[in-house]
Structures are given as C-alpha cells and as structure tokens.
Amino acid sequence: MSRKKTEKDKKVWISTLIQMVAIVVIVLLLRTFVIGTIYVKGSSMEPNFHHGDFLVINKLETRVASPQVDDIVICKLDNVEYQENIIKRVIGLPGDEIDLRNNGSGIYHLYINGTLVEEPYIAEPMQDKGNITYPFVVPEDCYFVMGDNRNASTDSRRQSIGAIEKEDIMGRVVLRLYPFSDIGMVK
C-alpha cells in the first residue's frame, strides 16, 4: 500500500511540476511578445500621465500593425546620448510633413501636411520647437513623437532623438494600473 501511495505521490508531483513549468513558459512568452509594464519617469506627458504611473503596454499590436496618430507609445532610445525607454504620443506617420509655426508671440502651433492640429491634450502652449529643421518629413518606417508637456519633453523635435523607427516602438499603452484612483483603459 505504501508503494502505491509513493508512486501516486510521485505522479502528482511530476504533474504539478509540468504544470508549473508550462505556466512559467506561457507567462514568459506573454511578457516577451504580448504585454509589458512600465513606470512613467518624469513629467513629459503631463497632464495625462505623471511620474510614478504604472502602465500596461500591448507589445503585439505594434509588431503586427502600425502605430496611429494619438497613440501613446513606449519608445526605446539607444544612441550616444540616450539609453532609456520613453513614453510619448504619436504625432506624425511615415511621409507626414511636420511643421511648427510661430504665431509671432513665441507660441508654436503644430501643422501636419499643412493643416493646423488642435491639441486639447497638451499641458500648455508650446514655446519650444526643438532644433530640427522644419518642415520635417517623417522618414519611411518612422514616427514623429512628442510629449504632451511640450515645454518639458525631449522628443522627435530634437536631433539627438529624431523620428523613431517602428522597430524601436516597444508597444502601445493600453491600461493604467496605478495610481488606483486613475485605474482604467487608456484611449
């Protein structure tokens, strides 16, 4: 009887181990290719995202489809000046002409393909056009991204960052998990 119990315990243990390994493999595959998480660092996306916000990103979506204007994305920077992940809003798609025009009072307005863009999501009027030459045509397979806090954002307006290649867009932000008072889907 004890031998049968030992064999049964062994089978249960092996079955449990196989299930645990399968769960770990599935979780690793999901985290690597489908979903991810990130903490917001800094104030470049205020008033919509704040330092310390904990977000979920959909990695698969940006691998199989192209980002769209107004998507909030996580971009991987890996150059001489920056080696970090940043959160930004997609402003321009491949082939779009981006122009920042000064209205004479030090305030810049965004024009895409010659059309003025209303931006109700930005923190305050834009006073910094960056150091690229305008009009700027977004290269093929690249995206022009900017922070919602335009006056405190290092983004595609800087030559050191420029347009972000599609392969460097890690995913689209889909959910805010923290702070709990703002938990919910990101549109």
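**Entry 1: strand 5 and strand 8**

I looked up Ile 98 and found that its bridge partner in strand 8 is Phe 136. The model I am reading is a predicted one. I then noted the wider pairing: strand 5, residues 97-102, and strand 8, residues 136-137, are antiparallel and share two bridges.

**Entry 2: strand 5 and strand 6**

I next asked how many bridges join strand 5 to strand 6. There are five, and the two strands run antiparallel, with strand 6 covering residues 108-112. Within strand 6, I recorded His 109 as the residue opposite Arg 101. I also followed the chain through the hairpin that strand 5 and strand 6 form, where five residues lie between the strands. Among the residues of this hairpin, Gly 104 has a positive phi, near 95°.

**Entry 3: cysteines**

I turned to disulfides. A disulfide covalently links the sulfur atoms of two cysteines. My search of the whole structure returned zero of them.

Why does Cys 75 form no bond with Cys 142? The closest cysteine sulfur to that of Cys 75 belongs to Cys 142, and it lies 11 Å away, which is too far for a bond. The cut-off I applied is 2.5 Å between the sulfur atoms. I checked from the other side as well: for Cys 142, the closest cysteine sulfur is that of Cys 75, again at 11 Å and too far.

Finally, I asked whether Cys 75 is buried or exposed. Cys 75 counts as buried because its relative accessibility is 0%. Cys 142 is buried too, with a relative accessible area of 9%; the limit I used for buried is under 20%.

Methods: Residues are numbered from 1 along each chain as its sequence is written. This is a predicted model: local features need pLDDT of at least 70, side-chain atom pairs count only at pLDDT 80 or more; totals for chains, interfaces and linings use all residues. Side-chain values use heavy atoms; hydrogens and water are left out. Two strands pair if DSSP finds at least two bridges between them. Helices (H or I, at least four residues) and strands (E, at least two) are DSSP runs, numbered from the N terminus. Buried means under 20% relative accessible area, exposed over 50%, partly exposed in between (1.4 Å probe, protein chains only).
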